[in-house]
Amino acid sequence: MASLNVGNLGEFLREQRRTAKLSLRQLAEAAGVSNPYLSQIERGLRKPSAEILQQLAKALRISAESLYVQAGILDERDREDLLQVPAAILADSTINEQQKQALLQIYESFRKENAQQRAAAPDAADPPAAGAPAAEPPAGGVSTTS
């Protein structure tokens with residue numbers, strides 16, 4: 001995982017806020033964060049959580065992924081890979097529009113959940129993949145898995 005680069009994030013946020021013609025106070029209110037906290041993020045003094053980044057992205061009407069990349073939560077390469085999945089779902093002619101939307105919503109919710117977990121515990125390993133073997137039981141313990 002990339003290291004957090006909070007200074008670049010702050011500069012990027014300030015630029016996006018100015019492009020959107022929002023004052024610091026307006027953006028803070030729209031994102032549901034305090035004015036001093038947002039100021040500290042912009043000056044590179046605070047490291048916001050993935051949830052706060054998501055709120056800021058929504059208020060700025062930009063993708064949360066772009067803020068995750070700026071914060072170092074997500075690599076640019078990962079972001080490019082993430083764009084391939086929705087494109088593949090939308091291009092699949094074997095499923096209907098309602099099924100496509102359901103898959104996209106599920107995919108997005110998993111990505112957001114994992115990003116929040118990574119932001120909350122940046123040193124923790126990613127959860128095991130589906131189908132991965134369960135952890136070994138403690139010595140002398142009894143496994144309940146088959």
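Here are a few exercises on how helix 4, helix 5 and their neighbours pack in this predicted model.

**Exercise 1. Find which residues touch the most other members of the largest nonpolar core, and which helices supply it.**

Solution. Start with the core itself, which holds 25 residues. Within this core, L56, L67 and Y68 touch the most other members. Next, look at where the members come from: helix 1 (6-19), helix 2 (24-31), helix 3 (35-42), helix 4 (50-60) and helix 5 (64-71) each supply at least two residues. Finally, pick out the top contributor, helix 4, which gives seven residues to this core. As background, nonpolar side chains in soluble globular proteins tend to be buried together.

**Exercise 2. Work out how helix 4 and helix 5 are oriented, and what kinds of residues make their contact.**

Solution. Begin with the geometry: the two axes come within 8 Å and cross at roughly 130°. An angle over 145 degrees would count as roughly antiparallel, and 65 to 115 as roughly perpendicular. Helix 4 and helix 5 are therefore oblique to each other. The crossing of these two helices is right-handed. Now list the partners: A50, L53, Q54, L56 and A57 come from helix 4, while A64, L67, Y68 and A71 come from helix 5. Sorting them by class gives eight nonpolar residues, one polar and no charged ones.

**Exercise 3. Repeat the analysis for helix 4 and helix 7.**

Solution. Helix 7 spans residues 97-120, and its axis comes within 8 Å of the axis of helix 4, crossing at roughly 130°. Helix 4 and helix 7 are therefore oblique to each other. On the helix 4 side, the contact uses A50, E51 and Q54; on the helix 7 side, it uses K112, A115, Q116 and A119. Here the classes divide into three nonpolar, two polar and two charged residues.

**Exercise 4. Decide whether helix 5 is mostly covered or mostly open, and describe what comes just after it.**

Solution. Count the buried positions, taking buried as under 20% relative accessible area. Seven of the eight residues in helix 5 are buried, so the helix is mostly covered. The buried ones are A64, E65, S66, L67, Y68, V69 and A71. Then step past the end of the helix: G72 takes a positive phi of about 85°.

**Exercise 5. List what Y68 touches, setting aside residues up to four places away in sequence.**

Solution. Recall that Y68 is buried in helix 5. With those sequence neighbours set aside, Y68 touches A50, L53, Q54, I73, L74 and A115. Check these against the earlier lists: A50, L53 and Q54 belong to the helix 4 side of the contact with helix 5, and A115 belongs to the helix 7 side of the contact with helix 4.

Definitions and conventions. Residues numbered from 1 in each chain as written. Predicted model: local features only at pLDDT ≥ 70, side-chain atom pairs only at ≥ 80, totals over all residues. Heavy atoms only, no water. Core = buried A, V, L, I, M, F, W, Y, C linked by side-chain atoms within 4.5 Å. Buried < 20%, exposed > 50% of the residue type's maximum accessible area, 1.4 Å probe, protein only. Helix = DSSP H or I, 4+ residues; strand = E, 2+ residues; numbered from the N terminus. Contact = heavy atoms within 4.5 Å. Axes fitted to C-alpha atoms, helices over the stretch in contact; angles between N-to-C directions. Parallel < 35°, antiparallel > 145°, perpendicular 65-115°, else oblique. Nonpolar A, V, L, I, M, F, W, Y, C, P; charged D, E, K, R; others polar. Left-handed = near helix turned anticlockwise from the far one by under 90°.
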